[in-house]
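Here is a short briefing on one protein chain. Please look over the sequence and the structure first, then read the points below.

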Amino acid sequence: MFEEISSKEAKQTLMFIFDAAVDIEMEKDQTIFVEKVLKHARRIFEAPAGSIAFVDGDSLDFLSFQNDEIDTSSISRDQNGDDLRIPLNHRSIAGHVAMTGELLLVDDPYHVSESVPYKFDGSIDKLSGFKTEAILAIPLRHPTEGIIGALEIINPKEELVHELNLGIAKSFAVMSAVSIINMRLQESLRKAYLETLARLGYAAEYKDEDTFKHIQRIRYSSKILSRELGFSTEEQESIFHASAMHDVGKVGVPDAILGKNGKLDDDEWVKMKAHSNKGASILRGSDTEILKLSEEIALHHHEKWNGNGYPDGLKGEDIPLAARIVAVADVFDALVNERPYKNAWPLQDALSLIKNEKGEHFDPQVVDAFFNCLDEILEIQKEHQ
């Protein structure tokens, strides 16, 4: 029989759950969100350990293991370093809860009745020395998607397993399930948006008789350079995606010019240089940060540190830093790869040009960053040939 509680205890519990809900609702990163959900759920029952698993096809994917008494790093991943997964069936406690949608309290996991389909796997206890004495398994129930996973509270305090806390935990699980589904939907939309950007960049490159692998090399090289220059992780991701758009304006340049096997004449060169403004005009007018950054890069990645570039003849730090980064990545890639109008340069010749153009064509700090992480950039060249 569940313990009865006083009105004071009920008020304290409700205040706790309100604070926990505010903390979780403010989190936008899914990994941290899941960790917070489990932390606060454990606190309801003062439990030392717990886990959260999500349904993924015919498997349960464990996204979080927490244990205050042992190091979980060696048990929360499989041998490949991926999230631990188990089959979605009735043979595990989490699987049974995820399939039935029923809250389950197992008082003695090592001695479950033969009449139930699930068994307790004590291998982690044996490996770690931790003793699982009770498991409270709560379904993560979404109002329209159904059961999306299971939350396990390990060794909850017996006196805290009462009707109010169980009701709060169920509501907490529903709130968490709704937030998780919403975050997954937002992430899916974000991925679709970023993939659309990349494919627009690929379209421009296919006109240039180069493959999308040029785009990949520019993206990864620009990300490496931005990391070396101290960009935050979020800023590195932004330049990774935005740099795909650097030559999108080539969709407006005649194929005969892009594919010409030889030097361009003056009129052709004017039309070729127009791709910077064309690209910026395609991207202009968006409120999204990545498209704003894409516009900057498309417009200014042919500017030169000494002011002799195009289209605006910007000089030095007047050139946006992202464009200065892409300029180095783009020129190096163009040098060491074959183009319709030239053979690939020997590596040392290309490196000499980059070094000699420090302070002329290129921002000196970007050139220094380039040589500091040259091995990584060369590896990108190998991976995306």
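**Overview**

Of the 385 residues in the protein, 48% count as buried. The model is a predicted one. Its secondary structure comes to 15 helices and six strands.

**Chain-wide figures**

- About 19,800 Å² of the protein is exposed. Carbon and sulfur atoms supply 50% of that area.
- Consider contacts between residues at least 6 apart in sequence. Of these, 62% join residues at least 24 apart.

**Helices α12 and α15**

- Helix α12 covers residues 321-336, and helix α15 covers residues 374-383.
- The two axes come within 12 Å and cross at roughly 50°.
- That angle falls outside the classes for roughly parallel (under 35 degrees), roughly perpendicular (65 to 115) and roughly antiparallel (over 145). α12 and α15 are therefore oblique to each other.
- The crossing of α12 past α15 is right-handed.
- On the α12 side, the contact involves F332, D333 and V336. On the α15 side, I377, L378 and Q381 take part.
- By class, the residues of this contact are four nonpolar, one polar and one charged.

**L353 in helix α13**

- L353 sits in helix α13, which spans residues 347-356.
- Is L353 buried or exposed? Neither: its relative accessibility is 25%, so L353 counts as partly exposed. The cut-off for buried is under 20%, and for exposed it is over 50%.
- Which residues does L353 touch, beyond those up to four places away in sequence? They are V331, L335, W345 and F362.
- One of these partners, V331, is 22 residues from L353 in sequence. Their C-alpha atoms are 9.7 Å apart in space.

**H90 in a loop**

- H90 belongs to the loop between strand β3 (84-87) and helix α3 (93-100).
- H90 has a relative accessibility of 32%, so H90 counts as partly exposed.
- Leaving aside neighbours within four places in sequence, H90 is in contact with H96, M99, T100, P117 and Y118.
- The C-alpha atoms of H90 and K119 are separated by 8.8 Å. Along the chain, H90 and K119 are 29 residues apart.

**Backbone features in loops**

- Where is the cis peptide bond that involves P311? It runs from Y310 to P311, with omega near 10°.
- P311 lies in the loop between α11 (289-300) and α12.
- E46 has a positive phi, near 50°, and is a residue other than glycine. E46 is in the loop between α2 (30-44) and β1 (49-56).
- The relative accessible area of E46 is 47%, so E46 is partly exposed.
- N155 is also a residue other than glycine with a positive phi, here near 60°. The place of N155 is the loop between β6 (146-154) and α5 (163-207).
- N155 is buried, because its relative accessible area is 14% and the cut-off for buried is under 20%.

Definitions and conventions: Residues are numbered from 1 along each chain as its sequence is written. This is a predicted model: local features need pLDDT of at least 70, side-chain atom pairs count only at pLDDT 80 or more; totals for chains, interfaces and linings use all residues. Side-chain values use heavy atoms; hydrogens and water are left out. Helices (H or I, at least four residues) and strands (E, at least two) are DSSP runs, numbered from the N terminus. Buried means under 20% relative accessible area, exposed over 50%, partly exposed in between (1.4 Å probe, protein chains only). Contact means heavy atoms within 4.5 Å. Accessible areas come from the Shrake-Rupley method with a 1.4 Å probe; for residues, only the protein chains shown count as cover. Axes are lines fitted to C-alpha atoms, for helices over the stretch in contact, and angles run from 0 to 180 degrees between N-to-C directions. A crossing is left-handed if the near helix is turned anticlockwise from the far one by less than a right angle, and right-handed if clockwise. Ala, Val, Leu, Ile, Met, Phe, Trp, Tyr, Cys and Pro count as nonpolar, Asp, Glu, Lys and Arg as charged, and the others, Gly among them, as polar.
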